[in-house]
Amino acid sequence: MNDITRSLACPVCAAQQTASDTCRRCRADLSLVNAAQRNIALATVSTLVHLASGDLHAASLSLTHQRWIAPNKAAALQRLLATNPPTRSH
């Protein structure tokens, strides 16, 4: 994920900015916010890769992790799985 193209709102002062470890306006430390966003993105990609490969056990484990860090995204991925069950081709 390219940090230059990502945008976020500072949770302290609400300034809109590109992803940075320091807010451009209030100088708040945003490193943990950025780390959390990267973790959510990684969990989402991991879940999608497991679903696409047909590995339901690994997808389930990824979804469990996803539910803890991003429940709304996990719910969307769960609906995707329910509407389009993966098939494994050999």
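The expected span of a helix is 1.5 Å times one less than its number of residues. Try that on helix α1 of this predicted model. Helix α1 covers residues 31-53. With 23 residues at 1.5 Å a residue, α1 should span 33 Å, and its end C-alpha atoms are indeed 33 Å apart, so the two values agree. Just after α1 comes G54, which takes a positive phi of about 85°.

Now look at which side chains α1 tucks away. Its buried residues are N34, I40, A41, A43, T44, T47 and L51. What do these buried residues pack against? They pack against β1 (7-9), α2 (56-69) and α3 (71-83).

L42 also sits in α1. Is L42 buried or exposed? Exposed means over 50% relative accessible area. L42 has 60% relative accessibility, so L42 counts as exposed. Its C-alpha atom lies 9.5 Å from that of Q66, a residue 24 positions away along the chain.

Q66 leads us to α2, where it is one of the residues that meet α1. How do the two helices lie against each other? Their axes come within 8 Å and cross at roughly 155°. Angles over 145 degrees count as roughly antiparallel. Therefore α1 and α2 are roughly antiparallel to each other. The crossing of α1 past α2 is left-handed.

Finally, the contact itself. From α1 come N39, I40, A43, T44, S46, T47, H50 and L51. They meet A58, A59, S62, L63, H65, Q66 and I69 of α2. Seven residues of this contact are nonpolar, eight are polar and none is charged.

Notes. Residues are numbered from 1 along each chain as its sequence is written. This is a predicted model: local features need pLDDT of at least 70, side-chain atom pairs count only at pLDDT 80 or more; totals for chains, interfaces and linings use all residues. Side-chain values use heavy atoms; hydrogens and water are left out. Helices (H or I, at least four residues) and strands (E, at least two) are DSSP runs, numbered from the N terminus. Buried means under 20% relative accessible area, exposed over 50%, partly exposed in between (1.4 Å probe, protein chains only). Contact means heavy atoms within 4.5 Å. Axes are lines fitted to C-alpha atoms, for helices over the stretch in contact, and angles run from 0 to 180 degrees between N-to-C directions. Angles under 35 degrees count as roughly parallel, over 145 as roughly antiparallel, 65 to 115 as roughly perpendicular and the rest as oblique. A crossing is left-handed if the near helix is turned anticlockwise from the far one by less than a right angle, and right-handed if clockwise. Ala, Val, Leu, Ile, Met, Phe, Trp, Tyr, Cys and Pro count as nonpolar, Asp, Glu, Lys and Arg as charged, and the others, Gly among them, as polar.
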